[in-house]
Amino acid sequence: MLDGITFAQASDALEQCLDQEHVGSAVSGDLAKAESYRIILAAKSTGVSNSPGDGIHVVGVAERPEGFRVICNVKEGVSAGISTSTKDAHGPDTGPVVPDANAGDLYQQSLIDKGRWKLPFRWGVIGMVDPSVAKVTVDYGDGSATAALDHGWFVASGVLNRQVTKTPHIKGFDAAGKLVYDSDADKTYDKTLP
């Protein structure tokens, strides 16, 4: 929980988002219920030209199916969008660290606002990690963060104070400190922002 957001506020936001967005989406059955998720990130979201007004992002991950997650953006108690992804979306030949390719809303503003981001900007990066990974670091813009590791997920966040053109640079290390993943060497990871 970041930016003064309480667990109760994050839970309420997730529930509101799922209630408003589950019809006709990938979120159905038990996955439409907030209690099916563990919240791994709640942070301020910045309004952009095509979706004005600040709010909060809440990232929830489900135990079953493994690797299923939702990102909800809630503004003034109303869902401003939901994004879902699964472990299967990354393909079978993934490495020990798998950045969530569908979580760009957490670290970039609207394409319409390219070059004119509203700053400072709270960013977040999420993804999956194998049990062999002991540490994940993220460098983004003028800052860096060590990710929290939580039951096969990694979460990192920071505040961006300048406009950027490159995506977050992610590295993973094993318990001995050996580099086991570098997003610069990952052919499936987009290294520049659209």
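**Salt bridges, cis prolines and a charged patch**

Reader: What is the relative accessible area of Arg 69, and is this residue buried or exposed?
Author: Arg 69 is a buried one, where buried means under 20% relative accessible area, exposed means over 50% and partly exposed lies in between, using a 1.4 Å probe and protein chains only. Before going on, note that this is a predicted model, where local features need pLDDT of at least 70, side-chain atom pairs count only at pLDDT 80 or more, and totals for chains, interfaces and linings use all residues. Residues are numbered from 1 along each chain as its sequence is written, and side-chain values use heavy atoms, with hydrogens and water left out. Arg 69 is called buried because its relative accessible area is 0%.

Reader: Which residue forms a salt bridge with Arg 69?
Author: A salt bridge here is a side-chain nitrogen of Lys or Arg within 4 Å of a carboxyl oxygen of Asp or Glu. For Arg 69, the closest N and O atoms are 2.6 Å apart, and the acidic partner is Asp 100. The pair links distant parts of the chain, 31 residues apart, with Arg 69 in strand S3 and its partner in the loop between S5 and S6; strands (E, at least two residues) and helices (H or I, at least four) are DSSP runs, numbered from the N terminus. That partner is buried too, with a relative accessible area of 6%, and its name is Asp 100.

Reader: How many salt bridges does the structure hold?
Author: Side chains of opposite charge can pair when their charged atoms come close. One of the salt bridges joins Asp 100 and Arg 69. In this structure the count is five.

Reader: Which strands are tied together by Arg 38 and Asp 150?
Author: The side chains of Arg 38 and Asp 150 meet in a salt bridge, 3.2 Å from N to O. Because Arg 38 and Asp 150 lie in separate strands, the pair ties together parts that are 112 residues apart in sequence. In accessibility, Arg 38 is partly exposed at 22% and Asp 150 is partly exposed at 23%. The strands are S1, which holds Arg 38, and S9, which holds Asp 150.

Reader: How far apart in sequence are Lys 118 and Asp 54?
Author: Lys 118 and Asp 54 form a salt bridge, with the closest N and O atoms 3.3 Å apart. Lys 118 is in the loop between S5 and S6 and Asp 54 in the loop between S1 and S2, so to speak two distant parts of the chain, and the separation is 64 residues.

Reader: Which backbone oxygen does the side chain of Gln 109 reach?
Author: Gln 109 sits in the loop between strand S5 (97–99) and strand S6 (121–129), and it counts as buried because its relative accessibility is 7%. Its C-alpha atom is 8.7 Å from that of Phe 121, twelve residues along the chain. The side-chain contact is at 2.9 Å, and the oxygen belongs to Lys 118.

Reader: What is omega for the peptide bond from Leu 119 to Pro 120?
Author: Most residues other than glycine have a negative phi, and most peptide bonds are trans. This one is cis, and Pro 120 is in the loop between S5 and S6. Another cis peptide bond joins Arg 64 and Pro 65, with omega about 0°, and Pro 65 lies in the loop between strand S2 (55–62) and strand S3 (69–75). For Leu 119 to Pro 120, omega is near -5°.

Reader: What is phi of His 151?
Author: His 151 is found in the loop between strand S9 (148–150) and strand S10 (153–160), and it is exposed, with a relative accessible area of 70%. Asp 3, in the segment before H1, has a positive phi near 60°. His 151 also has a positive value despite not being glycine, and its phi is near 45°.

Reader: How far apart in space are His 57 and Ile 82, C-alpha to C-alpha?
Author: His 57 belongs to strand S2 and is buried, with a relative accessible area of 10%. In sequence, His 57 and Ile 82 are 25 residues apart, and in space the distance is 9.5 Å.

Terms used:
Polar contact = N/O pair within 3.5 Å; in protein donor to acceptor, adjacent residues only side chain to side chain.
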